Amino acid sequence: MDIRWVWESQNLAQRTLEHLRMFGIALALSVVIGVLLGLYLYRRPKLAPIAFNVLNILETVPTLALLVLLLPLLSLGEKPTIAASVIYSILPIARNTYTGLTSVERSYIEVAKAIGLSEREVLLKVRFPLALPLIAAGVRIAVVFTMGVVTLGGLIAAGGLGAPIQTGIHLYDRDIIIVTGLWVGALALILDGVAALIERYLRDRYGRR
Amino acid sequence: MVIEMLFRRIETVELRDVTKRYGDFTAVDHVNLEIIGGELLILIGPSGSGKTTLLRTINRLVEPDEGEVFINGRNIKEFDVVKLRRSIGYVIQQIGLFPHMTVKDNIGLLLKLEGWSEEEIDKRVKELLHLVALPEDFVTRYPHQLSGGQQQRVGLARALALNPPLLLMDEPFGALDPILRKQLQEEFLRIKEVLGRTIVFVTHDIEEAFKLGDRIAIMRDGRLVQVGYPDELVLNPADEFVAKLVNADKKFKHLDTLKVKDLMVDVEKYIVEVQRKDELLQWMRDKNIEFAVIVEKGALKGVTDLKSLLKSQDLEEALMEPLVFSPGDSLASALAEMKRRNAFLGVVVEREKPVGILLANEVLLKLL
Amino acid sequence: MVGVERVLGAFGEHLVLTYASLFLSIAVGIPLAILSLKSKRLASFIMGFANLVQAIPSFAVVAIVVPLLGIGFTPAVFAIFLRALLPIVKNTYVGLSEVDEAMIDAARGIGLTEWEIIRYVRFPHAYPAMFAGIKFAAVLANSIAILTAIIGSEGLGSLVFEGLASFNTDKILAGSIPAILMAVFIDISFSYLEKRVTPEGIGGG
């Protein structure tokens, strides 16, 4: 197995950067939109069931199908890839944010109110921090989803590490497939691991004792 | 349909030198205990005393590190563990009914596994429900539809399904509120007679122990401190700990200073003013009582009970002169007198009017 | 326009692909979960492994199968099987093992064998979790079955890829729409089944 050869001929360094770039943008967008949506639904709990139902259905759509359906709107390349990633990743984050905010133990809220915090302060100083571990868990799921979708982006000319995988399959080249495949897998595991550590840290700091 | 129980009757259950350790902690420490066939033996002690662990060595849910358990002289290690457990009934504090099964399926599970037919199961389940005083139509209910007390009765019924000669009960009434607990204890006393089998019963409540048990085994820190009949424990406690536990000193002091009026029972429901036997009979039947206190113009005339009444021609014949006490009499002497004359009942009188009744067994129960 | 026969044919292939893999992963996954009950070490090994593999992008999993098993229908089934296996094992194991200890104690105490306990106590308790796991696995299988066209599995994915290559929107739609409908159908029908199969008294599981 000639790793060096694969690395160079497939330009894996460049591909990795493209990949991580898309990943970063997509994840950032997902977190922002997801948390905001969770917050909004916390304010308007009546809308929650509908919103989550819709998102749930979106989640079941086959990834490739969603990607290609976005093509007419966003043409090929990075845009549909990032968009699809965000669509998939919103649900876990929004759902966990919503659950995290709403299921803070009554006693904490009562104490906070009793010592004189306003609703807004209660939200910021009590509910949100206590919801962080759950939100982190949701982000971790989003990390895995996003990595998956970005990898698929290679099929629609988005670049990233999906492209060399596709090449490898078309050329039926064992080396390319294994090196790139394992490399993607490793990256995914590392990112997942980092997310897990962050989650653990937050759980220790803010979690239920 | 006859289940091959491992043993038909329990002669003895012997725990010899049973020891169980968990890491550094010794839960049960070289305990030697013999359980006599047909008795209800209480295992009592504070939490952590090892009583539950000891109980569970009998059905091998816990395997001792040292020592052996024998049933009818045979080492229980010889037996297939599942067969052993099917020959022993087991009831626990948290009840442990299977939530996804109806009452009937819960009780009948072992029967089904032993190959009983639907009709046989049906019949037996109804018998058992009757025994634990639950209505027959509970068969289709699910555990979550039952109250705690009802659930525990089903738990008991389940344990008795295969009619095991030995029953192990681990704080069965512990999870219930005090009122419910008392109620179930009363009912259990009734069932105990009907069942007539060997029972090992774990509790931490000394009152429950005295109420239900034939003999009581006291444990502390994994050791067996004393085992014996209730009065032995009260009269001859092995050490400070036992004495405190059974409140021996308190009981004696109590007895000396108590007066009749402290323990007499309300007489209202037994008082009646009638002339004729049939009137009295009817009245007693309506009130569902077994004896009556007859008065004339408020003053005590005599007492009688159903048996005597039925044997006699008329009321005069059936009337008996009761033992009479006054409220300020010493309880100890009153009881002694009743014992001497073999009377089960005495009437407490003030200025010729009955104000209370002294019933021998009620008194004892209240004392304990 | 794409011929109806073509679409139906592709749909049929897709169904076989999806359900064959799903069936396999259930057949292997549930016994694996039961096995994990026997030993804590085995359980944490299997669960740990499961969690790890789930993080790897599906595309990579599908690709890596090729050097191992070549291209075609069977390697595709294997790839989907691998992916679908893990949610089933994990959910089933959690459902089987997280039964109230007191109930297991009571069950043992009255004389049920370990197998009888699994059958009469653990399994009914596990139905909700098991179903959720299978539902998740089915949706996943349905999704990956499109992807595997790239390694020669045929099915709806072929239509999509052909459409992509030739900028043929019709083909793309012909491939994707049925797949999406299938996904929704799976979701709804499994949720319905779950309610039917969950024994009364278990409720939220």
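What share of the contacts in chain C with a separation of 6 or more comes from residues 24 or more positions apart? It's 74%, where a contact means that the C-beta atoms of two residues, placed from the backbone, lie within 7 Å. Bear in mind that this is a predicted model, in which local features need pLDDT of at least 70, side-chain atom pairs count only at pLDDT 80 or more, and totals for chains, interfaces and linings use all residues. Residues are numbered from 1 along each chain as its sequence is written, while chains are lettered from A and ligands numbered from 1 in the order in which they are written.

**Chains A and C**

Let's start with the folds. Chain C is built from 8 helices and 0 strands, and chain A from 9 helices and 0 strands. Helices here are DSSP runs of H or I with at least four residues, strands are runs of E with at least two, and both are numbered from the N terminus. The table puts the two chains next to each other. "Buried" in it means that 20 or more other C-beta atoms lie within 10 Å of a residue's own, with C-beta atoms placed from the backbone.

| Chain | Residues | Buried | C-alpha box along the principal axes | Contacts (separation of 6 or more) from residues 24 or more positions apart |
|---|---|---|---|---|
| Chain A | 209 residues | 47% | roughly 70 × 35 × 20 Å | 76% |
| Chain C | 205 residues | 50% | roughly 70 × 35 × 20 Å | 74% |

**Who touches whom**

Of the 2 pairs of chains that touch, A and C have the most contacts. Chains A and B have no contact at all, and their closest C-alpha atoms are 25 Å apart.

Between A and C, 27 residues of chain A meet 28 residues of chain C. On the chain A side, two or more residues each come from α3 (48–60), α4 (63–74), α7 (119–152), α8 (162–171) and α9 (174–206). The largest share is from α9(A), with 9 residues. Sorted by class, this side of chain A has 17 nonpolar, 8 polar and 2 charged residues. For that count, Ala, Val, Leu, Ile, Met, Phe, Trp, Tyr, Cys and Pro are nonpolar, Asp, Glu, Lys and Arg are charged, and the others, Gly among them, are polar.

**Zooming in on α9(A)**

One partner of α9(A) is helix α3 of chain C, residues 58–69. The two axes come within 9 Å and cross at roughly 145°; axes are lines fitted to C-alpha atoms, for helices over the stretch in contact, and angles run from 0 to 180 degrees between N-to-C directions. The crossing of α9(A) with α3(C) is left-handed, meaning that the near helix is turned anticlockwise from the far one by less than a right angle. From α9(A), the residues involved are R174(A), I177(A), I178(A), G181(A), V184(A) and G185(A). Across from them in α3(C) sit A60(C), A63(C), I64(C), V66(C) and P67(C). Taken together, this helix pair's contact has 8 nonpolar, 2 polar and 1 charged residues.

**The other side: C with B**

Chain C also touches chain B, with 17 residues of chain C in contact with 20 residues of chain B. Two helices of chain C, α5 (101–110) and α6 (114–147), each supply at least two residues of this side. The largest share, 7 residues, is from α5(C). By class, the residues chain C puts against chain B are 9 nonpolar, 4 polar and 4 charged.

Key:
Buried ≥ 20, exposed ≤ 12 C-beta atoms within 10 Å, placed from the backbone.
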